[in-house]
Amino acid sequence: MKRARLIYNPTSGREEMRRLLPDVLERLDQGGIETSCHATTGEGDATREAALAVERGYDIIIAAGGDGTLNEVVNGMAGKSDLPPLGVFPLGTTNDFARAMGIPRRWEDYCDLVIENKTRPIDIGKVNGRHFINIAGGGKLTELTYEVPSRLKTLIGQLAYYMKGIEKMASLSPTKLIIDAEGHEVMEGEFMLFLIANSNSVGGFEKLAPDARIDDGLLDVIALKKCNLAEFIRLVTMALRGDHLGDSHVIHFKTRRMEVTSPGRVLLNLDGELGGELPGVFEILPQHLRIFA
């Protein structure tokens with residue numbers, strides 16, 4: 001029997017895991033995986049529990065929740081040696097990473113995938129001592145993901161982000177940034193936001209970073225230059241189709257390492273959660289984790 005530690009957010013996905021837990025545990029057990037559980041109780045809890053699971057030598061760690069729960073679990077694992085593979089039950093509002101990885105939505109299918117031990121190596125990102133698995137960014141528009149109350153996300157899902165986005169657009173303003181990326185000239189100017197993608201699925205947009213690959217050892221960077229509200233709405237429409245990268249307002253490049261600074265205060269968004277503030281040195285850790293997918 002293999003030993004697994006299931007770390008789940010009891011409020012994610014309209015509290016779906018609370019209902020599924022007995023069935024999930026039974027199916028994993030029948031497949032030869034003895035699974036114990038931990039329900040998270042607050043910020044940082046999943047990180048501590050994941051670190052403890054690595055220390056105790058579990059064969060498998062499973063994160064069940066949204067992108068924020070996954071980010072905490074990754075931060076508990078990253079940087080350690082002899083890491084077990086990581087499973088991901090997508091139960092959150094957007095589930096960007098799970099969508100990018102093609103992870104099955106049906107819990108039965110994903111349990112079977114874990115039982116069959118189908119894994120692949122993936123890169124993760126690092127900035128100022130913290131890690132991200134799918135996305136990092138900064139600028140006013142990236143703040144809406146962690147400003148939406150968790151209870152509201154549980155009740156109305158993706159609509160909560162749209163409501164917050166409309167509120168943010170009324171105060172749309174650029175931020176001065178200096179971007180110094182390896183292999184590129186230094187860029188300085190006013191930007192609406194910058195995003196560093198590790199996959200093609202970001203913020204519910206499946207074509208925002210169409211060339212991003214989870215295992216290529218590179219950060220996929222998109223920066224949006226200063227624009228007015230009408231231009232921004234036009235670019236959002238283009239991004240839905242994946243046509244935005246050729247626009248003059250958009251900077252797009254790949255790099256292994258970059259530093260971003262600003263004369264003002266700029267908060268960082270890591271996998272949809274507040275992740276400190278600039279200045280930040282972003283780098284890639286190639287194929288640092290194995291994921292069931």
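User: Which residues does Leu 218 touch, not counting those up to four places away in sequence?

Analyst: Welcome! This is a predicted model. In it, Leu 218 touches Asp 123, Asn 198, Lys 254, Thr 255, Arg 256 and Ile 284, with residues up to four places away in sequence not counted. What makes each of these a contact is a pair of heavy atoms within 4.5 Å.

User: Where is Leu 218 found, and why is Leu 218 called partly exposed?

Analyst: Leu 218 is in the loop that runs between β9 (187-197) and β10 (219-225). Its relative accessibility is 28%. Buried means under 20% and exposed means over 50%, so Leu 218, at 28%, counts as partly exposed.

User: How far apart are Leu 218 and Pro 286, in sequence and in space?

Analyst: They are 68 residues apart in sequence, while their C-alpha atoms are 7.9 Å apart in space.

User: Let's try the start of the chain. Why is Met 1 called exposed?

Analyst: Met 1 lies in the segment before β1 (2-8). Its relative accessibility is 65%, and the cut-off for exposed is over 50%, so Met 1 counts as exposed. Even so, Met 1 has contacts with Asp 29, Gly 32, Ile 33 and Glu 34, leaving aside neighbours within four places in sequence. For Met 1 and Glu 34, the separation is 33 residues in sequence and 6.3 Å from C-alpha to C-alpha.

User: And Glu 49: what makes this residue buried?

Analyst: Glu 49 has a relative accessible area of 9%. Buried means under 20%, so Glu 49 meets that rule. Its place is in helix α2 (residues 45-55). Apart from neighbours within four places in sequence, Glu 49 is in contact with Arg 5, Ile 7 and His 38.

User: How do you know that α3 is mostly covered?

Analyst: By counting residues: 11 of the 11 in α3 are buried. Among them are Asp 67, Leu 70, Glu 72 and Met 77. Just after α3, Gly 79 has a positive phi of about 90 degrees.

User: How many disulfides does a search of the whole structure find?

Analyst: The search finds 0 disulfides. To be counted, two cysteine sulfur atoms would have to be within 2.5 Å of each other.

User: Are Cys 111 and Cys 227 buried or exposed?

Analyst: Cys 111 has 0% relative accessibility, so Cys 111 counts as buried. Cys 227 is at 10%, so Cys 227 counts as buried too. The cut-off in each case is under 20%.

User: How many cavities of 30 Å³ or more are there, and what lines the largest?

Analyst: The count is 1 cavity of 30 Å³ or more. The largest cavity has a volume of about 50 Å³. Its lining includes Ala 63, Asp 67, Phe 89 and Asn 95. At least two lining residues come from each of β3 (60-65), α3 (67-77) and β4 (86-90), and β4 gives the most, with 3.

User: How do the lining residues divide into nonpolar, polar and charged?

Analyst: There are 6 nonpolar, 3 polar and 1 charged. Gly counts as polar and Asp as charged, so Gly 65 and Gly 66 are among the polar ones and Asp 67 is charged.

User: What does the whole chain look like in numbers?

Analyst: The protein chain has 9 helices and 15 strands. Of its 293 residues, 52% count as buried. Its accessible surface is about 13,000 Å², with 49% belonging to carbon and sulfur atoms.

Note on methods. Residues are numbered from 1 along each chain as its sequence is written. This is a predicted model: local features need pLDDT of at least 70, side-chain atom pairs count only at pLDDT 80 or more; totals for chains, interfaces and linings use all residues. Side-chain values use heavy atoms; hydrogens and water are left out. On a 1 Å grid over the protein atoms alone, a cavity is a set of points where a 1.4 Å probe fits but cannot get out, and a pocket is an open set with protein on both sides within 12 Å along at least five of seven lines; lining residues have an atom within 4 Å of a point. Grid points are joined across faces, edges and corners, and a volume is the space filled by probe spheres set on the points. Helices (H or I, at least four residues) and strands (E, at least two) are DSSP runs, numbered from the N terminus. Buried means under 20% relative accessible area, exposed over 50%, partly exposed in between (1.4 Å probe, protein chains only). Accessible areas come from the Shrake-Rupley method with a 1.4 Å probe; for residues, only the protein chains shown count as cover.
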